[in-house]
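Take the ligand as the starting point, then move out to the helices and the backbone. Keep the model open while reading.

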Amino acid sequence: MVVTEMVSVEGMVRDNRKTMSMLRFRPEERPVSMQVFGRNPETLSEACRIVADAGADIVDINLGCPAKKIVSKSGGAALLKDVKLTESLFIAAVKAVRIPVSVKYRSGWDSESTNFIEIGKLAEGCGISMLTLHPRTRSSGFKGQADWSHIRTLKEAVSIPVIGNGDITSPQDAVDMIDQTRCDLVMIGRAAMGAPWIFRRVDHVLKGLPDPGEPGLETKISICLRFARLMIEDYGERPACFKMRKQLIWFTRGWKGISKYRPEMFTIESYDDIVGFFDRYMNCQEQMV
Ligand SMILES: Cc1cc2nc3c(=O)[nH]c(=O)nc-3n(C[C@H](O)[C@H](O)[C@H](O)COP(=O)(O)O)c2cc1C
């Protein structure tokens, strides 16, 4: 299952063009969950209906975003501090649509106020269908280690499916998280950036098959080029290629001698530039052999 990045409920009800473009998906991406954020129950209801009409299989409510610009408006993880408002958001969303409503959240605002069990039980009582827990607090951001024991405690406290999330970087991590927490599913974030093959690897290992491992350089390049073509379809060549600069940094992480190609990545403006960049890198590798 794939989840969209969080989409503003305010932007959706105002029919903001950029916001609405974030709801696009391809049929082969199903099942698709669309994540929304906001703090007004009425706006959230309307946004959930828009998401359902857009064809989402699941609507997910964000209660985990730590970003200043979101929490300063009491959205994202800030909702963890306002249980009453959170309850009315859950009720409004569940009432608004027939598709399942899920919630993604953090363990609490800070280490003194971890309330993931309270929020999890509240969600279940309001008819939320599934929970994803990233067991860090808002104040810890991405620091330290995700505390997987919270996922286990949550799993024991509720009957709805629980997705475990946080610090999975290999197929073995996924196996370990399931073993240690008994979670129903795992969610992978950062480890997929520049390495989308992680999903295939985890899928194989969870099915008891051998880990296919990291693909070779040529396969990585062809995956990255396919990614660029899909981005171009969605955004147009120039905007997509600007977005690809960041992706190229991630895709080429750890490649031998890549640092001297970094400045070139920041000049990429077209699909041909990307192809040329990889050609130059590969030629140079061949000469070194
Ligand atoms: C660049 C970036 C963007 C993210 N955007 C979202 C988002 O829109 N919604 C969300 O629920 N989590 C978002 N997250 C958090 C991840 O979904 C995930 O909870 C977190 O990265 C921990 O999982 P990981 O260790 O597998 O990365 C984002 C994380 C990163 C690094």
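The paragraphs below cover the ligand site, the helix packing and two backbone details.

This is a predicted model, in which local features need pLDDT of at least 70, side-chain atom pairs count only at pLDDT 80 or more, and totals for chains, interfaces and linings use all residues. Numbering starts from 1 along each chain as its sequence is written, and side-chain values use heavy atoms, with hydrogens and water left out.

Start at the ligand. Its shell holds 13 residues, each with a heavy atom within 4 Å of the ligand. The closest are Gln35, Lys104, Asn165, Asp167 and Arg190. By class, the shell has three nonpolar, six polar and four charged residues. Here Ala, Val, Leu, Ile, Met, Phe, Trp, Tyr, Cys and Pro count as nonpolar, Asp, Glu, Lys and Arg as charged, and the others, Gly among them, as polar.

Now the individual atom pairs. The side chain of glutamine 35 places an N or O atom 2.7 Å from a ligand nitrogen. Methionine 6 uses its backbone instead: an N or O atom there lies 3.0 Å from a ligand oxygen. Asparagine 62 has a side-chain N or O atom 3.4 Å from an oxygen of the ligand. The protein covers 71% of the 610 Å² of accessible area that the ligand has on its own (Shrake-Rupley method, 1.4 Å probe).

Next, the helices, which are DSSP runs of H or I with at least four residues, numbered from the N terminus. Axes are lines fitted to C-alpha atoms over the stretch in contact, and angles run from 0 to 180 degrees between N-to-C directions. Helix α3 (residues 41-53) packs on helix α5 (residues 83-96) at about 30°, with axes 8 Å apart. The two are therefore roughly parallel (under 35 degrees).

Helix α7 (residues 148-157) meets helix α8 (residues 171-181) at about 45°, again with axes 8 Å apart. That makes α7 oblique to α8 (neither under 35, nor over 145, nor 65 to 115 degrees). Helix α9 (residues 198-206) also packs on α8: their axes come within 8 Å and cross at roughly 50°. This pair is therefore oblique too.

Finally, the backbone. Most residues other than glycine have a negative phi, and most peptide bonds are trans. The bond from arginine 30 to proline 31 is cis, with omega near -5°. Proline 31 sits in the loop between α2 (17-21) and β3 (32-37). Serine 74 has a positive phi, near 65°. Its loop lies between α4 (68-71) and α5.

Note on methods. A polar contact is a pair of N or O atoms within 3.5 Å; within protein, one must be able to donate a hydrogen and the other to accept it, and residues adjacent in sequence count only if both atoms are side-chain atoms.
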